[in-house]
Amino acid sequence: MKFCCFLFALQLVTSLCFAQVKADGLLCENRTDPMGMDVAHPRFSWKLVSDRRNEMQTAYRIDVSANANFSGHVWDSGKVLSDSSVFITYQGKALQSGKKYYWRVKVWDNAGNASAWSPAASWQTALFNTDDWKAKWISPGYAEDTINRPSPLMRKQFSANKKIRSAVAYITAHGLYEASINGQRIGDAYLTPGWTSYGKRLQYQTYDVTDLLKEGNNAIGVMLGNGWYRGIIGFADHKNVYGKDIALLFQLTITYEDGTTATVTSDDTWKCSTGDVRYSEIYNGETIDHRLTVHGWTEPGFNDSQWSNVQVQDYPKNILLATYNEMVKKHETFKPVRIFKTPKNEQVIDFGQNLVGWVVLKVRGKAGDKLTVSHAEVLDKAGNFYTENLRAAKAQDTYILKGGEEEIFEPHFTFHGFQFIRIEGYPGDIIKPEDVTAVALYSDMKPTGTFTTSNPLINQLQHNIQWGQKGNFLDVPTDCPQRDERLGWTGDAQVFSRTATFNMNVNDFFAKWLKDVAADQTPEGAVPWVIPNCLGFSQSSTGWADVSTVIPWNMYLAYGDKRILQTQYSSMKAWVDYMQHQSKNDLWQSGQSFGDWLFYSVDDDTDGSSAITDKYFIAQCFYAYSTQLLINAANVLQKQDDVTYYTDLLKRIKDAFYKEYVTPNGRLVSGTQTAYTLALNFDMLPESLREQAASRLVENIRAYNHHLTTGFLGTPYLCHVLTRFGHSNVAYRLLLQDTYPSWLYPVKMGATTIWERWDGIRPDKSFEAASMNSFNHYSYGAIGDWMYRVMAGMDTYDDGAGYKHIRIMPHPGGGFTNATASLQTYYGNLSSGWEVKDGKTYYNIEIPANTTADIFLPATQSTDITEADKPLPKDMVGKTENGYVGLKVGSGIYHFAVNGVPPTPPVQGTK
């Protein structure tokens, strides 16, 4: 007995003292225990957890079961010799609709360790076939008020006379919906079912509603809103883009403890009416009249005998698909930082942050009291509430009180972009801070990246970049969240997409939206300006339509997801073929183009100065870039015929560019920063002319006293090009410039998000033209990509996409004493930071398990570097070139010290 106890104790001590590998962080299609997937062959990912350096997986085994106790096996992969732990495709039996599956994984590592089975994870399938839908589309049976179009209420009462084991609801709508069972809200998502190209793709959501049902009588209640489907969207008060109707599709599957099932569906037995939401539009806001609130309508026992019957409609179901992306949810909340009266004596509240969402308001008053809540991003020069830049969007929520008790008002089917609100008609003179709360809404993407430095202004810039992304990643990547636009502008999305991958996990977000890009692409391959294409235009613009190639490739680089390339390949190819067909002698010099949108000029940033870049010059550069990205994708997907064909095309494109736009001495026909940036970034010039072109770029920057003049298309690549050609000091000067035009000018002016224009607010506090002046517009935030990938130095190789093979190459400088970035990859936490002190530069780097990394540190020779105060091991040292010593490492946490400090650039000049 004593000997057995001794052995047990020895095993326990051994397990504590020696690191063991385990699998954790299980994901199915990028999500934790997802509900409602119609993917026939889902993919599994996991992280290896180990304290051991150089930890690599050598094999895995996946077990999939229909039962939580893994007694009913659906697929056992067996032991697979592989270091792959991301996107492992299910290869078992055909999955069934509406069924929950469980899975687990065990791994083996390069030290001979075998893990135990991981904790179980699960996923719930959605409806694979159109025939799985038993529900019918229903719409209101009453005559609608066609002017205000109050939100319809639809309800159904039913009985469940057995003990319930589980219940799953599938819901979608023409319009938006909020659903409840027995008085409790279904799910925590808002603005469902989201925005897609409704005529071709309509998402539905899947909910586990087991806890909402009860044995006996139950009731379902659903409220609908106009939303993007039939509400005002686009320009010129355009409505009914996808149809005039508003409709619901609802299906509930109940499984009882005895194994039998029942289905409750939307059909002609439902009842409908209207309630307190009297008006609801995304641009204009919502009107709620509490005198018309229908109490108890989502609960059993409610008397709906006076309600109207619904109408059954024969709307298509073959366009229905499960939800792929994260839904819009509530996130941060903000209390007032200031409640004050403006010079115009208006009651205004400042939340201290430009955000997207709405305000929850508590109020007491008399029956019929009317409150109007208006929303604005900024105050004008005199300190008054400013809404001219909202254009036709009213952005007002109107609340009418029932009276007699405290009432809470909150919108349902709208959202606003704002930092300030104006309240009119508030009962009494004093608004209490505790009665007002601003709520941020955005797609529920997981935060993945952090970036901090010793410079508070740059930290605020990073804050602004992240909040610009939060506010504009609301189911689709919008250009702005406040005015009468809020559309999925393709150019904005493509220039920011790589930065977006650092701040949040946007794999599913963009995968969903790119399917709409393909859906709305014309048969000829043209990509419309906005996606979903609610404007109806079929024109394409260079730099905008290239979204079809740029974002799929950026997502592949960031996540290593080949499926996004497979899914989008036809779209990528169609866009390149479109440009080829529009070209003559391999030159694309036709069609409409936005050019380098909102570049700097002396009087305005739309035209008329030396910063104008020839639009066809830009078109040829992006023609080449998209062709290169198509070649890259073809290589990954092993489409060798396409590689050969488009490689030949790319050479002809570049040859045509050189003949048309470059002098024999290497001067470009457009001498702008954008022209030289694009030509260099896309390798449009022969190698012999690149260094002199980079010098011309630097000369141009100096001519503007170290200010940038680039617009939407040049800005993302400017600092990358400068660093690539040895001018990081110039890149740092641009980053740290704080007078117009610059990244820090808006920061110095008090911005909390990225602006649409470099000078949305001029130095004298006046505004740019209200017709196009958003203060929440993420495009110029693309500098974040350079901050993460160059300043902190975190990057991934093409042949090890998704950070399987990592490249760390920090560029200390700019007078910063430290900079640190981190990123939650699919393999685990990756971080890179540096600090300058005591005559040395210290580097702290973390490499996740099951990956390898090449680290390049600025040093003359390897003996200048120590790791944990010790000389570098010989097997770690690689090549030394261009002032950097290369190191090859596996997973682990590393602390390097390098003798010497980076140079400090001279103090910026002002223009």
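The buried residues of helix 11 are covered by parts of the chain that include helix 9 (640-661), helix 10 (673-681), helix 12 (715-724) and helix 13 (728-736). Helix 11 belongs to a predicted model of a protein chain with 15 helices and 49 strands. The points below begin with this helix and then turn to the whole chain, its cysteines, its aromatic rings and some details of the backbone.

**Helix 11**

- Helix 11 covers residues 687-703, and its 17 residues should span 24 Å at 1.5 Å a residue. The C-alpha atoms at its ends are 25 Å apart, which agrees with that expectation.
- Which residues of helix 11 are buried? They are L689, R690, A693, A694, R696, L697, V698, N700 and I701.
- After helix 11 comes N705, which has a positive phi near 55°.

**The whole chain**

- A compact globule of 911 residues would have a radius of gyration near 29 Å. The protein chain has 29 Å, so the value agrees with the rule.
- The C-alpha trace spans about 85 × 85 × 60 Å along its principal axes.
- Of the 911 residues in the protein chain, 63% are buried.
- Among contacts with a separation of 6 or more, 75% are between residues 24 or more positions apart.
- The exposed area of the protein chain is about 34,400 Å², and carbon and sulfur atoms supply 49% of it.

**Cysteines**

- A disulfide is a covalent bond between the sulfur atoms of two cysteines. The cut-off used here is a sulfur pair within 2.5 Å, and by this rule the model has zero disulfides.
- Why does C480 not form a bond with C534? The sulfur of C534 is the closest cysteine sulfur to that of C480, but the distance is 12 Å, which is too far for a bond.
- C480 has 0% relative accessibility, so it counts as buried.
- For C621, the closest cysteine sulfur is in C719, and 18 Å is too far for a bond. C621 also counts as buried, because its relative accessibility is 0%.

**Aromatic rings**

- The model holds 64 aromatic pairs. One of them is Y198 with Y229, a tilted pair with 5.6 Å from centre to centre and 55° between the planes.
- This pair links distant parts of the chain, 31 residues apart. Y198 is in the loop between strand 15 (189-190) and strand 16 (202-208), whereas Y229 is in helix 2 (residues 227-230).
- Y198 counts as buried at 3% relative accessibility, and Y229 counts as buried at 6%.
- F622 and F682 have ring centres 5.2 Å apart and planes at 75°, so this pair is edge-to-face.
- F622 lies in helix 8 (residues 615-636) and F682 in the loop between helix 10 and helix 11, so the pair ties together parts that are 60 residues apart in sequence. Both F622 and F682 are buried.
- One aromatic cluster is formed by Y386, Y600, Y704, Y740, Y745, W755, F767 and F775.

**Backbone details**

- Most residues other than glycine have a negative phi, and most peptide bonds are trans.
- T192 and P193 are joined by a cis peptide bond with omega of about 10°. P193 is in the loop between strand 15 and strand 16.
- The bond from I531 to P532 is also cis, with omega near -5°. P532 is in the loop between helix 5 (507-520) and helix 6 (547-559).
- N345 is not a glycine, yet its phi is positive, about 65°. N345 lies in the loop between strand 27 (338-341) and strand 28 (347-363).
- Is N345 buried or exposed? N345 has a relative accessible area of 54%, so it is exposed.
- A395 is not a glycine either, and its phi is about 50°, which is positive. A395 is in the loop between strand 31 (385-386) and strand 32 (396-400), and it counts as buried at 2% relative accessibility.

**Two loop residues**

- A66 is in the loop between strand 4 (57-65) and strand 5 (73-76). Beyond its neighbours within four places in sequence, A66 is in contact with G72, V74, K99, K100, Y101 and Y102.
- S115 is in the loop between strand 8 (100-109) and strand 9 (121-125). Its relative accessible area is 6%, so S115 is buried.
- Not counting residues up to four places away in sequence, S115 touches V21, K22, K106 and V107.

Methods:
Residues are numbered from 1 along each chain as its sequence is written. This is a predicted model: local features need pLDDT of at least 70, side-chain atom pairs count only at pLDDT 80 or more; totals for chains, interfaces and linings use all residues. Side-chain values use heavy atoms; hydrogens and water are left out. Buried means under 20% relative accessible area, exposed over 50%, partly exposed in between (1.4 Å probe, protein chains only). Helices (H or I, at least four residues) and strands (E, at least two) are DSSP runs, numbered from the N terminus. The expected span of a helix is 1.5 Å times one less than its number of residues. Contact means heavy atoms within 4.5 Å. The radius of gyration is taken over C-alpha atoms; the globule rule is 2.2 Å times the number of residues to the power 0.38. Accessible areas come from the Shrake-Rupley method with a 1.4 Å probe; for residues, only the protein chains shown count as cover. Rings of Phe, Tyr and Trp (its six-membered ring) pair if their centres lie within 6.5 Å; planes under 30 degrees apart count as stacked, over 60 as edge-to-face and the rest as tilted.
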